[in-house]
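Grab your viewer and work through a few exercises on side-chain pairs, helix packing and backbone oddities. Try each one yourself before you read the solution.

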Amino acid sequence: MTVTDPVGAWHRLADSSVLLDGFHALKHAVRFGAEIPVAVTADLEATLALADELAPDVRGMLDALLAQVPEPTYRSLVPRPHPTAVAALAVRPSRAANLEKLAHTPRTAPVVVLDNPRNLGNAGAVIRLAAGFGATGVVTTGTLDPWHPTVVRGGAGLHFATAVERLTVDELPSGPVFALDPEGDDIRGTKLPDDAVLAFGSERIGLSAALRARADHLVALPMRPHVSSYNLATSVAMTLYHWSATGGAIS
């Protein structure tokens, strides 16, 4: 149900909530069961028309959630206005809930680990990929917050379709760790099990010593000689595709 004072609710909740930037982030969050206390748009008619076209399955829920506010008000609420002029605040899943999902066995899809990632946009793209492939979750180590607004924007709201949490290497979920490394065995000769923990090093320095020591297997993506590396999100996409193409089920 639309709140009676969306601007007041926004100001009360902004510091403790996840910012959903744009129509697609809101659409995905609603579709995957996020708790959304307030959602606003500068053009309700256009937003609902977009829902009719792109998300008829959640159109009724969006109609009930959204409140129209003047465009200057919308722009004052967000740091970087989205072309769709839609924004919402969502409740971040608890750490305990994420840990429960990550630890659940038997696991039917891998967990993706980003070891000390640096680029917020890359992290968001990885979460979007993981959700698309039905991965159990995405774990980051290091200082980057995987729920940073820029990461959520890059993930198009699909954080709510998988478990996303920051952990230490010692806290990683159980399962055989397959770490991507140029010195590893060609991944094309490896079948990745459903309970695999797929670890990817940072964009600049690769795997940390701690994660390399934790790895059960080092695997490498095929790459032309003299090419240094792939983009992080590309590496994750190739690895998850290999998992799915060799028997992994996308649910």
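What follows is a set of exercises on this model, which is predicted, each with a worked solution.

**Exercise 1. Find the salt bridge made by R31, say which parts of the chain the pair links, and classify R31 by exposure.**

Step 1: look for the partner. The side chain of R31 meets that of D57 in a salt bridge, at 2.8 Å from N to O. That passes the 4 Å cut-off.

Step 2: place both ends. R31 sits in helix 2 (residues 23-31), while D57 is in the loop between helix 3 (44-54) and helix 4 (59-65). The two are 26 residues apart, and the pair links distant parts of the chain.

Step 3: check exposure. R31 has a relative accessible area of 33%, so it counts as partly exposed.

**Exercise 2. Do the same for D145 and R92, then turn to D186 and R188.**

Step 1: take the N to O distance for D145 and R92. It comes out at 3.6 Å, and the two side chains form a salt bridge.

Step 2: locate them. D145 lies in the loop between strand 6 (137-140) and helix 8 (149-154), and R92 in the loop between strand 4 (86-90) and helix 6 (95-103). They are 53 residues apart, another link between distant parts of the chain.

Step 3: classify them. D145, at 25% relative accessible area, is partly exposed, and R92, at 33%, is partly exposed too.

Step 4: move to D186 and R188. Their closest N and O atoms are 2.7 Å apart, and they form a salt bridge. D186 is partly exposed at 34%, whereas R188 is exposed at 58%.

Step 5: look for shared partners. D52, R59 and D63 are joined into one network by salt bridges. The full count of salt bridges comes to 10.

**Exercise 3. How many aromatic pairs are there, and what geometry do you find?**

Step 1: count. The structure holds one aromatic pair.

Step 2: get the geometry. W147 and F160 have their ring centres 5.4 Å apart, with 75° between the planes. Plane angles over 60 degrees count as edge-to-face, so that is the label for W147 and F160.

Step 3: place the rings. W147 is in the loop between strand 6 and helix 8, and F160 is in the loop between helix 8 and strand 7 (163-166), 13 residues apart.

Step 4: check burial. W147 is buried at 5% relative accessible area, and F160 is buried at 10%.

**Exercise 4. Describe how helix 7 packs against helix 10, then do helix 2 and helix 3.**

Step 1: start with the axes of helix 7 (residues 120-133) and helix 10 (residues 232-245). They come within 9 Å and cross at roughly 15°. That makes the two helices roughly parallel, and the crossing is right-handed.

Step 2: list the contacts. Helix 7 contributes N122, A125, V126, L129, A130 and F133. On the helix 10 side, the residues include L232, V236, L240 and W243.

Step 3: repeat for helix 2 and helix 3. Their axes come within 11 Å and cross at roughly 60°, so these helices are oblique to each other. The crossing is right-handed. F23, H24, K27 and R31 of helix 2 meet T47, L50, A51 and L54 of helix 3.

**Exercise 5. Is L240 buried or exposed, and what does it touch?**

Step 1: L240 is in helix 10, and at 0% relative accessible area it is buried.

Step 2: leave out neighbours within four places in sequence. L240 then contacts V112, L129, A130, F133 and L198.

Step 3: compare positions for L129. The C-alpha atoms of L240 and L129 are separated by 8.5 Å, although the residues are 111 apart along the chain.

**Exercise 6. Inspect the backbone at P106, A85 and H226.**

Step 1: check omega. The peptide bond from T105 to P106 is cis, with omega near 0°. P106 falls in the loop between helix 6 and strand 5 (111-114).

Step 2: check phi. A85 is not a glycine, yet has a positive phi of about 55°. H226, also not a glycine, has a positive phi of about 75°.

Step 3: look at the settings. A85 lies in the loop between helix 5 (71-77) and strand 4 and is buried at 15%. H226 is in the loop between strand 10 (217-220) and helix 10 and is exposed at 84%.

Definitions and conventions:
Residues numbered from 1 in each chain as written. Predicted model: local features only at pLDDT ≥ 70, side-chain atom pairs only at ≥ 80, totals over all residues. Heavy atoms only, no water. Helix = DSSP H or I, 4+ residues; strand = E, 2+ residues; numbered from the N terminus. Buried < 20%, exposed > 50% of the residue type's maximum accessible area, 1.4 Å probe, protein only. Phe/Tyr/Trp six-rings, centres within 6.5 Å; stacked < 30°, edge-to-face > 60°. Axes fitted to C-alpha atoms, helices over the stretch in contact; angles between N-to-C directions. Parallel < 35°, antiparallel > 145°, perpendicular 65-115°, else oblique. Left-handed = near helix turned anticlockwise from the far one by under 90°. Contact = heavy atoms within 4.5 Å.
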